[in-house]
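Open the model in your viewer and keep the selection panel at hand. The tour goes one selection at a time.

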Amino acid sequence: MSSGAISWSSKKQQIITLSTTEAEFISAATCSCQVIWLRRLLEMLQCRQQGPTKVFCDNVSVIKISKNPVLHGRSKHIDVHYHFLCNLCNDGTVDLLFCRSEDQVADIMTKPLKQAAFVKLRGLLGVCSVDQTFT
């Protein structure tokens with residue numbers, strides 16, 4: 001909220017996927033479940049969100065499939081219950097946007113990074129180094 005991260009999750013997927021597109025699609029659908037939960041929580045706190053929640057994804061195929069859910073060769077193995085992501089995109093609850101891999105802020109939590117990438121992503125998170133806090 002207010003450009004700060006309020007929720008983060010990393011866990012092993014429960015199913016085996018046949019492609020990276022399928023894995024990313026399932027990940028985006030899981031993220032959308034969290035989006036719905038957070039939106040409902042904010043509504044109970046009298047803080048209704050206007051417009052769609054932005055969900056960033058670094059896979060262009062997932063974004064295309066979510067906006068046009070025709071049967072593609074890449075998506076035919078995706079289980080039907082994950083296709084509710086398409087419904088969320090179509091009704092304006094979620095806006096799935098492209099984010100370059102090097103700008104994925106969550107990578108700081110899940111991948112080993114070179115120092116330059118680490119410092120960049122740490123800055124995007126709004127976290128400062130220990131040295132900066134005492135100067």
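A contact here means heavy atoms within 4.5 Å. Keep that cut-off in mind when the tour turns to packing. Note also that this is a predicted model.

**Whole chain.** Start with the protein chain in cartoon view. It has six helices and two strands. From the N terminus on, the order is α-β-α-α-β-α-α-α. Now color by burial: 27% of the 135 residues count as buried. Turn on the surface next. The accessible surface comes to about 9,600 Å², and 57% of that belongs to carbon and sulfur atoms. For contacts with a separation of 6 or more, 64% join residues 24 or more positions apart.

**Before H1.** Select Lys-12, in the segment before H1. Is Lys-12 buried or exposed? Its relative accessible area is 72%, and exposed means over 50%, so Lys-12 counts as exposed. Add Ser-27 and draw a distance between the C-alpha atoms. The two residues sit 15 apart along the chain, and the distance reads 10.0 Å.

**Helix H1.** Select residues 20-44, which make up H1. This helix has 25 residues. From first C-alpha to last it reaches 36 Å, close to the 36 Å expected at 1.5 Å a residue. Show its buried side chains, among them Phe-25, Ile-26, Val-35, Leu-38 and Leu-42. Polar residues are on that list too, including Thr-21, Glu-22, Ser-32 and Arg-39. The buried residues of H1 pack against E1, H2, H3 and E2. Then step past the helix to Gln-46, where phi is positive, near 60 degrees.

**Helix H2.** Move on to residues 60-67. Which residues of H2 are buried? They are Ser-61, Val-62, Ile-63, Ile-65 and Ser-66. Display their neighbors as well: these buried residues pack against helix H1, strand E1 (53-57), helix H3 (84-90) and strand E2 (94-98). Now zoom in on Asn-59, which caps the N-terminal end of H2. One of its side-chain oxygens lies 3.0 Å from the backbone nitrogen of Ser-61.

**The core.** Finish by selecting Phe-25, Val-62, Leu-85 and Leu-96 together. Within the largest nonpolar core, which has 15 residues, these four have the most contacts. H1, E1, H2, H3 and E2 each supply at least two residues of this core. Keep Phe-25 and Val-62 highlighted for a last look: Phe-25 is one of the buried residues of H1, and Val-62 is one of those in H2.

Technical notes: Residues numbered from 1 in each chain as written. Predicted model: local features only at pLDDT ≥ 70, side-chain atom pairs only at ≥ 80, totals over all residues. Heavy atoms only, no water. Buried < 20%, exposed > 50% of the residue type's maximum accessible area, 1.4 Å probe, protein only. Helix = DSSP H or I, 4+ residues; strand = E, 2+ residues; numbered from the N terminus. Polar contact = N/O pair within 3.5 Å; in protein donor to acceptor, adjacent residues only side chain to side chain. Areas by Shrake-Rupley, 256 points an atom, 1.4 Å probe, with all protein chains shown as cover. Core = buried A, V, L, I, M, F, W, Y, C linked by side-chain atoms within 4.5 Å. Expected span 1.5 Å × (residues − 1).
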